[in-house]
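User: Hey, I've just opened this one and I'm new to it. Can you walk me through it?

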Amino acid sequence: MGMAGKKEKIELTERDIELLKCVAKFRIVPLNNARMFYDNAKTYHLKRLQKLREHKYLVKEGTGVKLGAKGAEYLKTIGIDTKPLRTSKPRVKERIKEIARTMIRPRVWEVFIPAWEIKGQKGEINRKNAMWGAVDGVAIYRLPRTVKKSGIATYVDDIKDACSNGFERILVLYSPDPQYRKIYDEFVEKPLKGPKSMYMIPLNDRGLELMEVILFEDRNRWVKGVLDEIYGAGKYTLV
């Protein structure tokens, strides 16, 4: 605070602006994901978030942040329309945060289109479709570890729904824990017509790297990662 109780002025940095754009897209951004916009610094992002909250650019939302009035006002000046978070249901908020935790990655977040935007554009897609969102025509789903056998059929129907609305490539994230292997097996055994290609990816660090390879067709990066694992970094030559 400065003299007469006035707040110190804040000048938005390029990183702040990118974070505001990200919050506008995902509605809620977990605190840990905000670190990405500040070079993954251990604590600096917390100080910066505090300043942005003090000046109403952001508002605290549980263990994350959502867009504040000043943030929405600023984004409007650079041509970005925003929509407020309109739910008070903890289950829905947690789903949004899980999507954000997974999809806020350097190459992914800007091109990721959340499901709530897709359903607004493509009226034919069922409003209850469990799709997380899409990147360049690849529809992304998360198979919950708690899903029951009857629920798997619902996911299959949702994927068919997505395919009939122009999504020919499907990417499904699943828990890699051995105790959930049965769910994975149940899912892949279901007869599924519609997608030209479907990828089952474990939801862990290596799986998310593979997701990026699929989304951006960066095969050389994946080959290098595999060879690094087998031979050790720098101990082979690609010809």
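**Helix H3 and the pockets**

Analyst: Sure. This is a predicted model, and we can start with helix H3, residues 44-54, where the buried residues are His-45, Arg-48, Leu-49 and Leu-52. They span an arc of only 100° around the axis, so they sit on the same side of H3.

User: What do the buried residues of H3 pack against?

Analyst: Their partners are helix H1 (14-26), helix H2 (31-34) and strand E2 (58-61).

User: And which residue with positive phi follows H3?

Analyst: That's Lys-56, with phi near 70°.

User: Zooming out, how many helices and strands are there in the protein?

Analyst: The protein has 10 helices and eight strands. Of its 239 residues, 41% count as buried.

User: New topic: how much space lies in the largest pocket?

Analyst: About 1300 Å³. Its lining has 35 residues, and Val-92, Arg-95, Ile-96, Ala-115 and Trp-116 lie nearest the centre. H1, helix H5 (90-103) and helix H6 (115-121) each supply at least two lining residues.

User: What classes of residues does that lining have?

Analyst: The lining of the largest pocket has 16 charged, 14 nonpolar and five polar residues.

User: What about the second largest pocket, which residues lie nearest its centre?

Analyst: Asn-33, Arg-101, Thr-102, Ile-104 and Arg-105, out of 15 lining residues. The second largest pocket holds about 320 Å³ of space.

User: Which helix gives the most to that lining?

Analyst: H5 does, with three residues. H2 and helix H9 (205-216) each supply at least two. By class, the lining of the second largest pocket divides into five nonpolar, five polar and five charged residues.

Notes. Residues are numbered from 1 along each chain as its sequence is written. This is a predicted model: local features need pLDDT of at least 70, side-chain atom pairs count only at pLDDT 80 or more; totals for chains, interfaces and linings use all residues. Side-chain values use heavy atoms; hydrogens and water are left out. Helices (H or I, at least four residues) and strands (E, at least two) are DSSP runs, numbered from the N terminus. Buried means under 20% relative accessible area, exposed over 50%, partly exposed in between (1.4 Å probe, protein chains only). The arc is that of the directions from the helix axis to the C-beta atoms. Contact means heavy atoms within 4.5 Å. On a 1 Å grid over the protein atoms alone, a cavity is a set of points where a 1.4 Å probe fits but cannot get out, and a pocket is an open set with protein on both sides within 12 Å along at least five of seven lines; lining residues have an atom within 4 Å of a point. Grid points are joined across faces, edges and corners, and a volume is the space filled by probe spheres set on the points. Ala, Val, Leu, Ile, Met, Phe, Trp, Tyr, Cys and Pro count as nonpolar, Asp, Glu, Lys and Arg as charged, and the others, Gly among them, as polar.
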